Amino acid sequence: MVIDNYGSLNILLKQENDFSLMRIEDDFSTIFFNLKGQLQEEVESLVEHQGLYFKEID
């Protein structure tokens with residue numbers, strides 16, 4: 001499901017009964033919320049493959 005608003009693009013990710021959110025803000029900021037299990041591993045692999053990294057924020 002893609003949810004669009006004025007400041008960002010929000011993409012809802014579902015794996016089994018868990019939901020995660022990927023928010024793309026501006027041109028360079030992508031934020032993930034509630035990544036777990038296999039989905040987290042897949043996203044981390046994709047991020048590393050693109051030469052990027054995760055930064056945890058509070």
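The buried residues of helix H1 are covered by elements that include strand S2 (8-15), strand S3 (18-25) and strand S4 (29-33). This arrangement comes from a predicted model. H1 itself spans residues 37-49, and two residues with positive phi other than glycine, Glu 16 and Asn 34, lie in loops that adjoin these elements, between S2 and S3 and between S4 and H1 respectively.

**Helix H1**
- H1 comprises 13 residues and extends 19 Å from its first C-alpha to its last, close to the 18 Å expected at 1.5 Å a residue.
- Leu 39, Val 43 and Val 47 are the buried residues named in H1. These three lie on the same side of the helix because they cover an arc of only 70 degrees around its axis.
- Glu 48 and His 49 are exposed and sit on the face of H1 turned away from its buried side.
- After H1 comes Gly 51, which has a positive phi, near 75 degrees.

**Positive phi in the loops**
- Most residues other than glycine have a negative phi.
- In the loop between S2 and S3, Glu 16 has a positive phi, near 55 degrees. Glu 16 is exposed, its relative accessible area being 67%.
- In the loop between S4 and H1, Asn 34 likewise has a positive phi, near 65 degrees. Asn 34 is partly exposed, with a relative accessible area of 44%, a value that falls between the limits of 20% for buried and 50% for exposed.

Definitions and conventions: Residues numbered from 1 in each chain as written. Predicted model: local features only at pLDDT ≥ 70, side-chain atom pairs only at ≥ 80, totals over all residues. Heavy atoms only, no water. Helix = DSSP H or I, 4+ residues; strand = E, 2+ residues; numbered from the N terminus. Expected span 1.5 Å × (residues − 1). Buried < 20%, exposed > 50% of the residue type's maximum accessible area, 1.4 Å probe, protein only. Arc of directions from axis to C-beta. Contact = heavy atoms within 4.5 Å.
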